[in-house]
Amino acid sequence: MSRLTSRLDDLCVALTGQDAVVVYHQLQAIAANVISWLLVLLRVRVPALRLGRKGADSAVLVLSPGGFERFALEPLPVESVVTVGYNVTAPTVERLPTCNSLARLPDGPPPGHAIVRIQAFSVNYADVTIRWGLYESAIKYVGYPICPGFDLAGVVERVGPGASVQEGDTVVGITFFGAYSERVLVPCHQLFAVPKGMSIAQAAALPSVSGTALHALALAGLWPSLPASRNRAVLVHSAAGGVGSMLVQMAKAIGCHPIVAVVGASHKVAACEALGATAVIDKSKEDLWSAASKAAPGGYCAIFDANGVQTLARSYSALAQTGTLVIYGFHTNLPTSSMLNPLAWVRMLVGILRMPRFDPMDLVLSSKSVAGFNLSFFADETRMVGRYFEQILAWVEDGSLALSNVTTFPMDELPRAHESIQSGQSIGKLVCLTRHAGD
């Protein structure tokens, strides 16, 4: 059996780049999405851009992979019922049998934890893939139904013994799923004081995108100090988005030059110029790679790419000697519509089969590197994440890092936020405000 499993893994990796377990999960997602698409087509299910509130405090659940119609507002009927991340394992936390994202706290918060009354949470593109059933850590650690969401800002409501925060503190934090809620239990080491002068919406927009950007810079060898190599040029794809806007600002703060920002629409150019980009390439009006070569004739020491199949191969070619391609997403592999119909799945399969394979021999001969990551698997990396946030908050305090483009939606209109981020036309960060936003 182990030999058969190994051969199956080898086959799946050869065809898709993923092992058999991941492929199995993706096949399950295909089935669930096609069923959802058929039921919407037959009007058995009706998507809505506004969720109906059922009670006082609530959490947004994704009942199963699909479109907007799989969202549901779940009441949190008593103070002892909260959402939780997958890394919360204290024995006094009783997860509800109907949903791993929900838990009962009969004895209150466990040691070193706090209940936060959420005032705002951010919407990331990863949340869209969670809704589609394509986010591996969500499937592996939680399953469905699931409460998505990583970033939160709000007020500490209750604390457990030994907590490093106090009741009434206004905090920003990160949870490994469970932020689409109005009440969440979080380990205290994942909470930080909201920086002075930052609104609650800006605070909620900060953690995931800034952490992703800084880890990308670290993988590229640009932080905590610049390398000894002579090239300092960086190229940032999707530079007007959440992570991209952080990368542009951080690259400027650490002394990279030139900083070349790539956008897909003209209305995003000014935003990137304001962030500090040396040059902005609008690929809707000019050839991306010709412009990239002109901006940095010697190539790039780092290229940050979340696009996927559309740009990865050319990004690698544009690297200078000792350069690093950092991959943290695959947006062009995915559709811009809310529903994944059969045709969308065929296009995604074609995209997977067209994904570039990086030859180890070429990596050595050209002295280039390729790195990739997904921070949602980093729940145990507390020291590393803590160090990242020390730097991020220091940059916020000295003005090197700002969140000037934050668009807000009421929590009940979460589907509209998903619609906006899927369109590829949004700028900066999207944040949902809960009913506690004015508290």
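## Arg435 and its partner

Arg435 is partly exposed in this predicted model, with a relative accessible area of 44%. The side chain of Arg435 meets that of Asp57 in a salt bridge, with N and O 2.7 Å apart. Asp57 sits in the loop between α2 (20–41) and β1 (58–62), while Arg435 belongs to the segment after β18 (429–433), so this salt bridge ties together parts that are 378 residues apart in sequence. Unlike the partly exposed Arg435, Asp57 is buried, and its relative accessible area is 8%.

The pair also has company: a network of salt bridges links Asp57 and Arg435 with Glu182 and Arg183.

## Other salt bridges

Searching the whole structure turns up six salt bridges. One of them joins Arg117 to Glu157, whose closest N and O atoms are 3.3 Å apart. Here the partners come from two strands, Arg117 from β6 (residues 113–123) and Glu157 from β7 (residues 151–159), so the salt bridge ties together parts that are 40 residues apart in sequence.

Glu413 and Arg416 form another salt bridge, and their closest N and O atoms lie 2.2 Å apart. Glu413 counts as buried because its relative accessibility of 14% falls under 20%. Arg416, at 35% relative accessibility, counts as partly exposed.

## Around Met339

Now for a loop residue. Met339 is found between β15 (319–327) and α11 (342–353), and at 13% relative accessibility it counts as buried. Which residues does Met339 touch, not counting those up to four places away in sequence? They are Ser36, Trp37, Val40, Gly67 and Glu69.

Glu157, the salt-bridge partner of Arg117, offers a reference point for placing this loop. The C-alpha atoms of Met339 and Glu157 are separated by 38 Å, and the two residues are 182 apart along the chain.

## The cavity

How many cavities of 30 Å³ or more does the structure hold? There is one, and the largest cavity contains about 80 Å³ of space. It is lined by 13 residues, and those closest to its centre are Ser245, Leu275, Ser404, Asn405 and Gly428.

Helices α7 (242–254) and α8 (269–275) each contribute at least two residues to the lining of the largest cavity. The largest share comes from α7, with three residues. By character, the lining divides into seven nonpolar residues, five polar and one charged.

How values were computed
Residues numbered from 1 in each chain as written. Predicted model: local features only at pLDDT ≥ 70, side-chain atom pairs only at ≥ 80, totals over all residues. Heavy atoms only, no water. Salt bridge = Lys/Arg side-chain N within 4 Å of Asp/Glu carboxyl O. Helix = DSSP H or I, 4+ residues; strand = E, 2+ residues; numbered from the N terminus. Buried < 20%, exposed > 50% of the residue type's maximum accessible area, 1.4 Å probe, protein only. Contact = heavy atoms within 4.5 Å. 1 Å grid on protein atoms, 1.4 Å probe; cavity = no way out; pocket = protein on both sides within 12 Å on 5 of 7 lines; lining within 4 Å. Points joined across faces, edges and corners; volume = space filled by probe spheres on them. Nonpolar A, V, L, I, M, F, W, Y, C, P; charged D, E, K, R; others polar.
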